[in-house]
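These are my notes on one model, taken while going through its side-chain contacts and a few backbone features. The entries follow the order in which I looked things up.

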Amino acid sequence: MLTNGRTPRGRPSAGRLIGGYGLLALAVILFAAFALALPDTFPTMANLTAIVSAYSITAVLALGAMIPIVTGNFDLSLGYGLGLWHVMTLLLIVNAGWPWPAACLAVLAGGPVVGAVNGLLVEFARIDSFIATLGTGSILYAVTGWVTQGARIFPGPQGLPEGFTGLYDSTLLGLPTPVFYVLALAAALWLVLERLPVGRYLYVIGSNPRAAELVGIPIRRYVVLAFAGSGLVTGFAGVLLAAQQQIGNPSVGLDYLLPAFVAALLGSTTIKPGRANAWGTVVAIAVLAIGLSGISQLGADFWVTPLFNGATLLVAVGLAGYSARRRARTGRVRSLP
């Protein structure tokens with residue numbers, strides 16, 4: 001009797017291959033379909049460059065959202081934090097006259113602090129992560145309004161430093177530089193989560209907190225660390241958003257929250273089905289980017305984008321739950337004599 005998803009000769013079964021790489025295949029199918037429907041515009045290098053550039057910040061934020069999800073928690077303050085950190089970056093550069101590297105470092109230092117506060121509220125105050133991060137997110141939004149007085153931040157006649165805008169506008173090997181930020185971040189998270197003990201601890205905490213406690217894993221410490229990591233990535237996304245927009249807009253940020261969570265949850269259904277993982281999140285972003293870009297180029301109305309995001313979120317949550325249950329059942333079957 002087969003219980004491990006493999007054929008008698010040890011090859012992965014079709015079901016396992018579909019579960020592990022079906023989303024990647026969907027991305028290829030979507031691209032091929034839109035390329036056939038829009039042969040003059042969609043499969044061009046200019047369009048591909050525009051797509052990866054437009055969704056790079058969403059990808060970074062999705063990777064940040066994935067970190068607390070590994071531990072079974074959610075950080076709803078990401079969108080609010082993105083808005084705050086991008087205006088703070090521009091405030092420090094434009095209004096305070098800071099050198100842009102110092103402004104970026106200050107923001108990168110502030111992100112983990114806010115994330116750690118979220119973790120402390122969840123683990124020590126015992127507030128559900130949804131409620132805790134929604135509350136801190138609302139506070140971050142209030143701080144954004146306070147420091148900007150609800151007004152946009154415009155650079156002076158001299159503009160922003162070229163080195164700062166180059167963080168987003170530059171290219172490397174013919175591709176936008178943010179693409180390499182996403183790949184480097186995904187690789188780093190993959191290394192931490194899949195190859196280092198801290199990653200194994202985070203996965204155990206997310207799948208079975210009681211077992212983690214019994215084997216002596218300091219759950220509180222690692223959950224706070226996960227939220228701090230999420231805050232660090234959010235701060236980095238805020239710096240990139242400031243370099244992209246080059247104008248501080250206090251209302252920007254929340255539009256990125258839903259797509260980021262969709263990608264993080266949908267990513268848990270591929271590559272490593274049943275658990276959040278970095279490369280699965282990148283594949284999910286590719287599906288969203290290709291799907292939304294293709295629909296937009298076909299002339300869809302403005303309301304199609306939130307409809308697509310909302311429907312995909314529901315599907316992602318359902319598939320993530322199914323993958324987790326399937327993984328748990330497989331683990332129980334393997335443990336049988």
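I began with salt bridges and got a count of 3. The model is predicted, and I read every value below as computed from it.

**Entry: Arg275**

I looked up the partner of Arg275 and found Glu194, with the closest N and O atoms 2.8 Å apart in a salt bridge. Arg275 sits in the loop between α12 (257-267) and α13 (278-297), while Glu194 belongs to helix α8, so the bridge ties together parts that are 81 residues apart in sequence. I checked the cover on both partners: Arg275 and Glu194 are both buried.

Arg275 came up again when I searched for charges over rings. Arg275 lies over the face of Tyr203, 4.2 Å from the ring centre. I therefore have two contacts listed for this arginine, the salt bridge with Glu194 and the placement over Tyr203.

**Entry: the other two bridges**

I noted Glu123 and Arg126 next, whose side chains meet in a salt bridge at 3.8 Å, N to O. Is each partner buried or exposed? Glu123 is buried, with a relative accessible area of 8%, whereas Arg126 is exposed at 56%. The cut-offs explain the labels: buried means under 20% and exposed means over 50%.

Glu213 and Arg210 form a salt bridge at 3.6 Å, N to O. I looked up their places in the chain: both are in helix α10 (residues 209-214), 3 residues apart, which means a separation of about one helical turn. An α-helix has 3.6 residues a turn, so residues three or four places apart point the same way. Glu213 has a relative accessible area of 49% and is partly exposed. Arg210, at 51%, counts as exposed. I note that these two labels fall on either side of the 50% cut-off, because exposed is defined as over 50%.

**Entry: aromatic pairs**

I counted ring pairs and got 8. Trp100 and Phe164 form a tilted pair, with 6.3 Å centre to centre and 50 degrees between the planes. This pair links distant parts of the chain, with Trp100 in helix α5 (residues 100-123) and Phe164 in helix α7 (residues 162-169), 64 residues apart. Trp100 is partly exposed at 26% relative accessible area. Phe164 is buried at 0%.

I then took the pair of Tyr181 and Phe236. What geometry does this pair have? The ring centres are 5.6 Å apart and the planes are at 75 degrees, so the pair is edge-to-face. Tyr181 is in helix α8 (residues 177-195) and Phe236 in helix α11 (residues 219-245), so parts 55 residues apart in sequence are tied together. Tyr181 is partly exposed, with a relative accessible area of 22%, and Phe236 counts as partly exposed at 25%.

I also recorded a cluster: ring pairs link Phe31, Phe34 and Phe42.

**Entry: Arg220 over a ring**

I found the charged end of Arg220 over the ring of Phe124, at 4.7 Å from its centre.

**Entry: nonpolar surface patch**

I searched the surface for nonpolar patches and noted one of about 300 Å², made by Trp190, Leu191, Val192 and Leu196. Trp190 lies in helix α8. Its relative accessible area is 32%, so Trp190 is partly exposed.

**Entry: helix α4**

I compared the span of helix α4 (residues 78-95) with the expected value. The helix has 18 residues and reaches 25 Å from its first C-alpha to its last, close to the 26 Å expected at 1.5 Å a residue. I then checked its cover and found α4 mostly covered, with 15 of its 18 residues buried. Gly97 follows α4 and has a positive phi, near 75 degrees.

**Entry: Ala35 and Gly294**

My last look-up was a backbone distance. The C-alpha atoms of Ala35 and Gly294 are separated by 8.7 Å, with their positions 259 residues apart along the chain. Ala35 is found in helix α1 (residues 14-37). Ala35 is buried, with a relative accessible area of 16%.

Terms used:
Residues are numbered from 1 along each chain as its sequence is written. This is a predicted model: local features need pLDDT of at least 70, side-chain atom pairs count only at pLDDT 80 or more; totals for chains, interfaces and linings use all residues. Side-chain values use heavy atoms; hydrogens and water are left out. Rings of Phe, Tyr and Trp (its six-membered ring) pair if their centres lie within 6.5 Å; planes under 30 degrees apart count as stacked, over 60 as edge-to-face and the rest as tilted. Helices (H or I, at least four residues) and strands (E, at least two) are DSSP runs, numbered from the N terminus. Buried means under 20% relative accessible area, exposed over 50%, partly exposed in between (1.4 Å probe, protein chains only). A charge sits over a ring if NZ of Lys or CZ of Arg is within 6 Å of the ring centre and within 35 degrees of the ring normal. Patches are made of residues with over 30% relative accessible area and no salt bridge: like charges are joined within 9 Å, nonpolar side chains (Val, Leu, Ile, Met, Phe, Trp, Tyr) within 5 Å. Accessible areas come from the Shrake-Rupley method with a 1.4 Å probe; for residues, only the protein chains shown count as cover. A salt bridge is a side-chain nitrogen of Lys or Arg within 4 Å of a carboxyl oxygen of Asp or Glu. The expected span of a helix is 1.5 Å times one less than its number of residues.
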